[in-house]
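Hi,

Here is the structure I promised to pass on to you. Have a look at it first, and my notes on what turned up follow underneath.

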Amino acid sequence: MGADDGQTLLPMTGIILAGGKSSRMGCNKAFIEWDGAPLIEHSLAVFNAVFAEVMISSNHPELYADYGVKVIKDNYPDHGPLGGLEACLREARYDHAFFAACDMPFLNAEVIRFMAGEIEGEAILVPEIEGVVHPLHAFYHKNCLPLLAGSLKAKHLKLTKLVQQYSRVRYLREKDFRDFPAIHLFLSNMNTPQECLELRQHNSHSI
């Protein structure tokens, strides 16, 4: 799903967050098998079909050495997704970067391309569906870096809270995703074995 061969790659950076501790899942979520391949390979297939530059955020680059993409370690280890975003955004070749968790099995290239087309002058473009903000499926501009670095130094690590407090944010809501009726599924991630099981049940039939 999500392959769009033949379309021009966007001059942006795609960042896959694979640095989480996965404590509730009990294993590295990036390597959970899904349709015969690890989740990280599904994410890479989507990102490589969309972005001119792709990175993985992880403090264990040896795990991803065979995938042929840059693996960026945090400048602020053990500071959660915020640390991964800051380090990768700093290293990114392009001003705009799309940041997504590695545990999103229904990640969709057309949704990501649609969101990229909605970027105007905002520093952050993020879905907010039924009042829930999804900062791990969002676009960030390099001009966010001072905000990210300041939050890390102050140990204000909740990415959702940072997004909500920032002035240069655009939220995409249900009406914006009207061409994607399965948007809830495309934004789904898994933190526990139960959530993994529920998403596998969705995967048993076509979206």
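Helix α2 has a long list of buried residues: Leu-82, Gly-83, Gly-84, Leu-85, Glu-86, Ala-87, Cys-88 and Leu-89. Please keep in mind that this is a predicted model. The helix covers residues 80–91, 12 in number, and spans 18 Å from its first C-alpha to its last, close to the 16 Å expected at 1.5 Å a residue. Cys-88, with a relative accessible area of 0%, is buried. Cys-102 counts as buried too, at 7% relative accessibility. In case you were wondering about cross-links, a search of the whole structure finds 0 disulfides.

Now to the nonpolar cores. The largest one has 39 residues, and the members that touch the most others are Ile-40, Phe-47, Phe-51, Ile-112 and Phe-139. Elements giving two or more residues to this core are β1 (10–17), α1 (39–50), β4 (51–57), β6 (96–101), α3 (109–117), β7 (124–129) and α6 (183–186). Apart from this core lies another of 26 residues, which includes Leu-85, Ala-92, Ala-123 and Leu-145. As for Ile-40, its contacts beyond four places in sequence are Ile-16, Ala-18, Ala-30, Phe-31, Ile-56, Tyr-64, Tyr-67 and Cys-102.

Strand β7 is worth a visit in your viewer. Since 6 of its 6 residues are buried, β7 is largely enclosed by the rest of the structure. In a regular strand the side chains alternate between the two faces of the sheet. Both faces of β7 are covered, with Ile-124, Val-126 and Glu-128 buried on one side and Leu-125, Pro-127 and Ile-129 buried on the other.

Which strands does β7 join through bridges? One is β9 (residues 137–141), which runs antiparallel to β7 and is joined to it by 2 bridges; here Leu-125 has Phe-139 as its bridge partner. With β10, β7 pairs in the parallel sense over 4 bridges, and Leu-125 stands opposite Arg-170 there. Strand β8 (residues 132–133) is antiparallel to β7 and joined to it by 2 bridges, with Ile-129 opposite Val-132. β7 and β8 form a hairpin with 2 residues between them, and Glu-130 in the turn has a positive phi of about 50 degrees.

On to the aromatic rings, where the count comes to 8 pairs. Phe-51 and Phe-98 are stacked, at 6.0 Å centre to centre and 20 degrees between the planes. Phe-51 belongs to strand β4 and Phe-98 to strand β6, so their pair ties together parts that are 47 residues apart in sequence. Phe-51 and Phe-98 are both buried. An edge-to-face example is Phe-114 with Phe-177, at 5.6 Å between centres and 65 degrees between planes. This pair links distant parts of the chain, 63 residues apart: Phe-114 is in helix α3, while Phe-177 is in the loop between β10 and α6. Ring pairs also link Phe-47, Phe-51, Phe-98 and Phe-139 into a cluster.

Is Phe-177 buried or exposed? Phe-177 is buried, because its relative accessible area is 2%, under the 20% cut-off. Phe-114, in contrast, is partly exposed at 22%. Leaving aside neighbours within four places in sequence, Phe-177 is in contact with Val-111, Phe-114, Met-115, Pro-127, Ile-129, Leu-172 and Ile-183. Phe-177 and Val-111 are 66 residues apart in sequence, yet their C-alpha atoms are 8.3 Å apart in space.

Happy browsing, and best wishes!

How values were computed. Residues are numbered from 1 along each chain as its sequence is written. This is a predicted model: local features need pLDDT of at least 70, side-chain atom pairs count only at pLDDT 80 or more; totals for chains, interfaces and linings use all residues. Side-chain values use heavy atoms; hydrogens and water are left out. A nonpolar core is a set of buried Ala, Val, Leu, Ile, Met, Phe, Trp, Tyr and Cys residues joined through side-chain atoms within 4.5 Å. Buried means under 20% relative accessible area, exposed over 50%, partly exposed in between (1.4 Å probe, protein chains only). Contact means heavy atoms within 4.5 Å. The expected span of a helix is 1.5 Å times one less than its number of residues. Rings of Phe, Tyr and Trp (its six-membered ring) pair if their centres lie within 6.5 Å; planes under 30 degrees apart count as stacked, over 60 as edge-to-face and the rest as tilted. A disulfide is a pair of cysteine sulfur atoms within 2.5 Å. Two strands pair if DSSP finds at least two bridges between them.
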